[in-house]
Amino acid sequence: GATIAMVMKSPREVFGYVLMNDVRIPHDSFFRPPVKFNCLDGFLGIGDRIRARNEAGDPAVFKLEVRVNGELKQTVRFSQLLRSADKLLADVSEFMTLGEGDMLMLGCDAGRPRVRPGDSVEIKMPALGTLANTFVAEAA
């Protein structure tokens, strides 16, 4: 799904942001999906460039558009997330030490489009560019 990762400069300081395509197997439980649906080998699409925090802007106004085969399927507005980027960072920092280069993913599963082998997915955000992935069938 359409995700942005905060890339850390230090335990509580964000260096910048990068687009990610967090692929998951469809499942019924939105809030507590089994780990096997989220932790897949071999795929996590990551954008080609980390944009510095001052270049990317305020994550509260980020908006991602997800297109499948050119058709708009999802819009993610970060102003509508349950926790802001700053709140998520503060919450996670209470129990985990983040170091330089660590990434903390921001996004929303609601409305995540489903794709099939052969589908092309583009995640776009003006400040971060475009992340494009084409899905292929898993080898037997």
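Is Lys 87 buried, partly exposed or exposed, and what is its relative accessible area? I start with that residue, and I should say at once that what we are looking at is a predicted model. Lys 87 turns out to be partly exposed, with a relative accessible area of 43%, and its side chain meets that of Asp 91 in a salt bridge, with 2.9 Å from N to O. The two residues are four places apart in helix H3, so about one helical turn separates Lys 87 from Asp 91. As a reminder of the geometry behind that, an α-helix has 3.6 residues a turn, so residues three or four places apart point the same way.

Asp 91 has a further partner, because its side chain also forms a salt bridge with the side chain of Arg 83, at 3.0 Å from N to O. Here the accessibilities are worth setting out one by one: Asp 91 is buried, with a relative accessible area of 16%, while Arg 83 counts as partly exposed at 42%.

Let me step back to the whole protein for a moment. Its secondary structure comes to three helices and nine strands, and, read along the sequence, these follow the pattern β-β-α-β-β-α-β-β-α-β-β-β. There are 140 residues, of which 36% are buried. Among the contacts with a separation of 6 or more, 62% are between residues that lie 24 or more positions apart. The accessible surface comes to about 8,800 Å², and carbon and sulfur atoms account for 51% of that area.

Now back to helix H3, and to the side of it that is covered. Ala 85, Leu 88, Leu 89, Asp 91, Val 92 and Ser 93 are the buried residues in this helix, and the elements that they pack against are strands E1, E2 and E7. Ser 93 deserves a closer look: it is buried, with a relative accessible area of 12%, and its side chain reaches the backbone oxygen of Leu 89 at 2.7 Å. Leaving aside residues up to four places away in sequence, Ser 93 touches Pro 11, Arg 12 and Leu 98.

What about the interior? In general, nonpolar side chains in soluble globular proteins tend to be buried together. In this model the largest nonpolar core has 28 residues, and those with the most contacts inside it are Ile 4, Met 6, Tyr 17, Leu 19, Leu 64 and Phe 78. Several elements each supply at least two residues of this core, namely strands E1, E2, E5, E7 and E8 together with helix H3.

If we take Met 6 from that list, and again leave out residues up to four places away in sequence, the residues that Met 6 touches include Val 14, Gly 16 and Tyr 17, then Ala 85 and Leu 89, and also Asp 102, Met 103, Leu 104 and Leu 106. In strand E2 we also find Met 20, which is buried, with a relative accessible area of 3%. The C-alpha atom of Met 20 is separated by 5.0 Å from that of Thr 3, although these two residues are 17 apart along the chain.

Met 103, which I mentioned as a contact of Met 6, has a place in strand E7, a strand that runs over residues 103–107. Met 103 is partly exposed, with a relative accessible area of 37%. Together with Phe 15 and Ile 50, Met 103 forms a nonpolar patch on the surface, and the accessible area of these three residues together is about 240 Å².

To finish, I return to the salt bridges, of which the model has 10 by the rule used here. Which residues, apart from those I began with, are joined through shared partners? Arg 49, Arg 51 and Glu 55 form one network in this way. Within this network, the side chains of Glu 55 and Arg 49 meet at 3.0 Å from N to O. Both ends of that pair are partly exposed, Glu 55 with a relative accessible area of 43% and Arg 49 with 37%.

So the picture I would leave you with is a helix, H3, whose buried residues pack against E1, E2 and E7, and in which Asp 91, itself buried, is bridged to Lys 87 and to Arg 83.

Technical notes. Residues are numbered from 1 along each chain as its sequence is written. This is a predicted model: local features need pLDDT of at least 70, side-chain atom pairs count only at pLDDT 80 or more; totals for chains, interfaces and linings use all residues. Side-chain values use heavy atoms; hydrogens and water are left out. Patches are made of residues with over 30% relative accessible area and no salt bridge: like charges are joined within 9 Å, nonpolar side chains (Val, Leu, Ile, Met, Phe, Trp, Tyr) within 5 Å. Accessible areas come from the Shrake-Rupley method with a 1.4 Å probe; for residues, only the protein chains shown count as cover. A salt bridge is a side-chain nitrogen of Lys or Arg within 4 Å of a carboxyl oxygen of Asp or Glu. Buried means under 20% relative accessible area, exposed over 50%, partly exposed in between (1.4 Å probe, protein chains only). A nonpolar core is a set of buried Ala, Val, Leu, Ile, Met, Phe, Trp, Tyr and Cys residues joined through side-chain atoms within 4.5 Å. Contact means heavy atoms within 4.5 Å. A polar contact is a pair of N or O atoms within 3.5 Å; within protein, one must be able to donate a hydrogen and the other to accept it, and residues adjacent in sequence count only if both atoms are side-chain atoms.
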